[in-house]
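Me: Please take a close look at the nonpolar surface of this model, and then follow the account through to the aromatic side chains and the open space. A connected answer would be preferred to a list.

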Amino acid sequence: MKYAKPFLIGGSVIAGSKYVSTLVNPALAPLVGGMPTGIIASFFLSSSTEKKKFYTGYVYSSFILFLAILFIHKVSDVTSYSVDMISTAAILLWAAISYVAINDFAIKK
């Protein structure tokens, strides 16, 4: 049960984004889909110490996510590759770079 509530909240954000994109211009859907679920996730951590460590990693991950989104946006404008393919590459790069950055700058500091 301790994982059910966070799972439902996360799924609701994704489903809500899809639903919003059918009601309004899809450019507005990131207001729901881009909701900072990481901030919401911090409420499920048990101590202030855990939350501080979480946010230390979250800073790096979020900045790299910004760069990944910028990459998707710019590359999709200048190439004929599918946005899904560019997005997949960006997700993989985000994960790898975030892992290294968090290990090097948040954990080992």
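Reply:

**Nonpolar surface, aromatic pairs and the largest pocket**

Tyr19, Leu23, Val24, Leu28 and Leu31 together make a nonpolar surface patch of about 530 Å². The model in which this patch appears is a predicted one. Within the patch, Tyr19 belongs to helix H1, which covers residues 4–23. The relative accessible area of Tyr19 is 52%, and since the cut-off for exposed is over 50%, this residue is classed as exposed.

The aromatic side chains form the next topic. Counting ring centres that lie within 6.5 Å of each other gives 5 aromatic pairs. One of these joins Phe54 and Tyr58: the ring centres are 5.6 Å apart and the planes meet at 25 degrees, so the pair is stacked. The stacked label follows because planes under 30 degrees apart are counted that way. Both residues sit in helix H4 (residues 48–78), and because they are 4 residues apart there, about one helical turn separates them. As for their surroundings, Phe54 has a relative accessible area of 26% and is therefore partly exposed, while Tyr58, at 23%, is also counted as partly exposed.

Another pair is made by Phe63 and Phe66, whose ring centres are 6.3 Å apart with planes at 35 degrees, so this pair is tilted. These two residues likewise lie in helix H4, where a spacing of 3 residues amounts to about one turn of the helix. Their accessibility falls into two classes: Phe63 is exposed because its relative accessible area is 52%, whereas Phe66, at 47%, is partly exposed. The ring pairs also build a cluster, in which Phe54, Tyr55 and Tyr58 are linked.

The open space comes last. The largest pocket holds about 750 Å³ of space. Its lining consists of 20 residues, and those nearest the centre of the pocket are Gly33, Gly34, Met35, Leu65 and Ile69. Two or more lining residues are given by each of H1, helix H3 (37–42), H4 and helix H5 (83–107). Among the elements, H4 supplies the largest share of this lining, with 7 residues.

Helix H4 thus recurs in this account: the stacked pair of Phe54 and Tyr58 lies in this helix, the pair of Phe63 and Phe66 lies there too, and H4 gives 7 residues to the lining of the largest pocket. Helix H1, in turn, holds Tyr19 of the nonpolar patch and is among the elements that give two or more residues to the pocket lining.

Note on methods
Residues are numbered from 1 along each chain as its sequence is written. This is a predicted model: local features need pLDDT of at least 70, side-chain atom pairs count only at pLDDT 80 or more; totals for chains, interfaces and linings use all residues. Side-chain values use heavy atoms; hydrogens and water are left out. Rings of Phe, Tyr and Trp (its six-membered ring) pair if their centres lie within 6.5 Å; planes under 30 degrees apart count as stacked, over 60 as edge-to-face and the rest as tilted. Buried means under 20% relative accessible area, exposed over 50%, partly exposed in between (1.4 Å probe, protein chains only). Patches are made of residues with over 30% relative accessible area and no salt bridge: like charges are joined within 9 Å, nonpolar side chains (Val, Leu, Ile, Met, Phe, Trp, Tyr) within 5 Å. Accessible areas come from the Shrake-Rupley method with a 1.4 Å probe; for residues, only the protein chains shown count as cover. A salt bridge is a side-chain nitrogen of Lys or Arg within 4 Å of a carboxyl oxygen of Asp or Glu. On a 1 Å grid over the protein atoms alone, a cavity is a set of points where a 1.4 Å probe fits but cannot get out, and a pocket is an open set with protein on both sides within 12 Å along at least five of seven lines; lining residues have an atom within 4 Å of a point. Grid points are joined across faces, edges and corners, and a volume is the space filled by probe spheres set on the points.
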